[in-house]
Amino acid sequence: MPTATSRFTEPAPSALLLLGRGVDLVSERGVECAGELPAPSEPGLVERARAARAALGDRVFVLGHHYQRDEVIDFADVTGDSFTLAREAAARPGAEFIVFCGVHFMAESADILTSPDQRVVLPDLAAGCSMADMAAIHQVEDAWDVLIEAGVADRTVPVTYMNSSAAIKAFTGRRGGTVCTSSNAQVALRWAFDRVGGVEGTGKVLFMPDQHLGRNTAVRELGLSLDDCVVLDPRKPGGGLTTAELERARMILWRGHCSVHGRFSERNVAEIRAAVPDVTVLVHPECTHEVVEAADLVGSTEFIVKALDAAEPGSSWALGTELNLVRRLARAHPDKQVHYLDSTVCFCSTMNRIDLPHLVWTLESLVAGRVVNRVEVDPDDAHWARVALDQMLALPGY
Ligand code: SF4
């Protein structure tokens with residue numbers, strides 16, 4: 001039997017399988033659609049989607065994440081961030097099918113929060129999240145073993161970002177931790193520290209899987225220092241940390257990041273400030289600490305949407321978030337100047353996998369009585385993930 005340390009050194013599998021090479025439903029990876037997809041160039045796709053949608057009526061509820069393509073958002077009953085959408089799904093017990101236009105971990109959360117007779121469908125199983133893929137459950141279990149061996153596990157509370165697999169949410173629930181979103185990370189971290197003696201004490205948080213959200217929240221909102229944070233690398237023996245480093249740390253940050261928000265740089269901020277006088281730079285907290293420090297405002301996707309709604313006509317904004325959302329906000333606010341912070345294209349490639357052909361195929365399959373690409377969480381994991389999600393809902397002010 002391998003030791004915890006030897007398993008911990010196994011290289012993580014690549015984030016995405018090759019197209020057409022099977023599925024891996026226990027992770028955020030999966031490919032192949034079991035059927036004939038219409039070609040993107042096929043005429044009449046919009047009419048086909050409308051007809052299938054109308055035929056299903058109230059039996060189907062379509063959710064669209066803010067980062068989805070316009071051609072998909074056009075068919076969404078509601079749009080929002082990942083947790084808003086999961087809650088919207090839970091509030092529709094009459095809908096037999098929840099079609100989640102987002103990524104795999106979001107569909108899992110919707111399955112956990114909806115009733116057992118509702119079926120959650122992801123139009124393309126290849127729509128994973130590279131950040132969620134950076135924390136596999138066996139790596140997290142091995143990391144916890146490292147904390148036990150270092151003698152700090154009993155003073156550590158796990159907190160996982162919504163952008164993680166159901167298995168990791170379940171891990172968190174089993175160990176008395178909580179889920180958080182980018183909107184409530186500060187409240188969640190404060191709650192977690194209070195469980196082990198308070199922010200001023202010696203307790204620790206294991207924050208997964210986005211190191212940037214964890215660091216930005218701890219340093220900017222809880223007053224911890226950068227030296228209080230260490231990064232646990234699941235590819236290195238012992239997480240790449242010594243027992244002394246783990247003993248000193250307050251925030252143990254998983255080495256994960258968002259491939260979209262991690263691209264923005266301080267140089268992008270400097271360039272937009274030089275090019276656009278009086279621009280307000282607003283970035284997502286998944287950006288690096290340096291970018292967040294260089295920006296004027298930092299906030300979740302919902303915060304960004306509301307900030308633009310409330311902005312003065314004529315004001316100039318540079319947004320550091322996903323490009324589909326930025327383009328949609330620019331169109332919705334023609335009286336404001338909305339710039340994209342990066343000079344190169346920066347879509348979320350996995351979000352973009354859900355396109356009109358996949359949506360048409362999904363809806364027409366449901367009309368024909370075939371439930372395709374169902375996302376279903378193991379019942380035990382679903383129970384414990386629900387415990388962690390319910391803990392988040394019970395946080396003060398939530
Ligand atoms: S934008 Fe980043 S965190 Fe969101 S789904 Fe894409 S890779 Fe994951």
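Here are some short exercises with worked solutions on this predicted model.

**Exercise 1. Domains**

Find out how the chain is divided, and which classes of residue domain 2 turns towards domain 3.

*Solution.* Start with the bounds: domain 1 covers 33-128 + 350-377, domain 2 covers 132-258 and domain 3 covers 261-340. Next, take the centres over C-alpha atoms; those of domain 2 and domain 3 are 28 Å apart. Domain 2 gives 13 residues to the contact, and domain 3 gives 13 residues. Finally, sort the domain 2 side by class: three residues are nonpolar, seven polar and three charged.

**Exercise 2. Around the ligand**

Which residues are closest to the ligand, and how is its shell made up by class?

*Solution.* The ligand is surrounded by 13 residues. The closest of these are C129, M131, C258, V260 and C348. Sorted by class, the shell holds eight nonpolar residues, four polar and one charged.

**Exercise 3. The nonpolar core**

Look up the best-connected members of the largest nonpolar core, then follow I252 to its contacts.

*Solution.* This core has 118 residues, and I98, F100, V205, I252, V283 and L319 touch the most other members. Now set aside the neighbours of I252 within four places in sequence: its contacts are T156, K204, V205, L206, F207, V230, L232 and L246.

**Exercise 4. N324**

Is N324 buried or exposed?

*Solution.* First place the residue: N324 belongs to helix α15, residues 323-332. Then count: N324 is buried because it has 20 C-beta neighbours inside 10 Å, and the cut-off for buried is 20 or more. Beyond residues up to four places away in sequence, N324 touches Y67, Q68, R69 and F347.

Technical notes
Residues numbered from 1 in each chain as written. Predicted model: local features only at pLDDT ≥ 70, side-chain atom pairs only at ≥ 80, totals over all residues. Near = placed C-beta within 6 Å. Nonpolar A, V, L, I, M, F, W, Y, C, P; charged D, E, K, R; others polar. Domains from an automatic or database assignment. Contact = placed C-beta atoms within 7 Å. Core = buried A, V, L, I, M, F, W, Y, C linked by C-beta atoms within 7 Å. Buried ≥ 20, exposed ≤ 12 C-beta atoms within 10 Å, placed from the backbone. Helix = DSSP H or I, 4+ residues; strand = E, 2+ residues; numbered from the N terminus.
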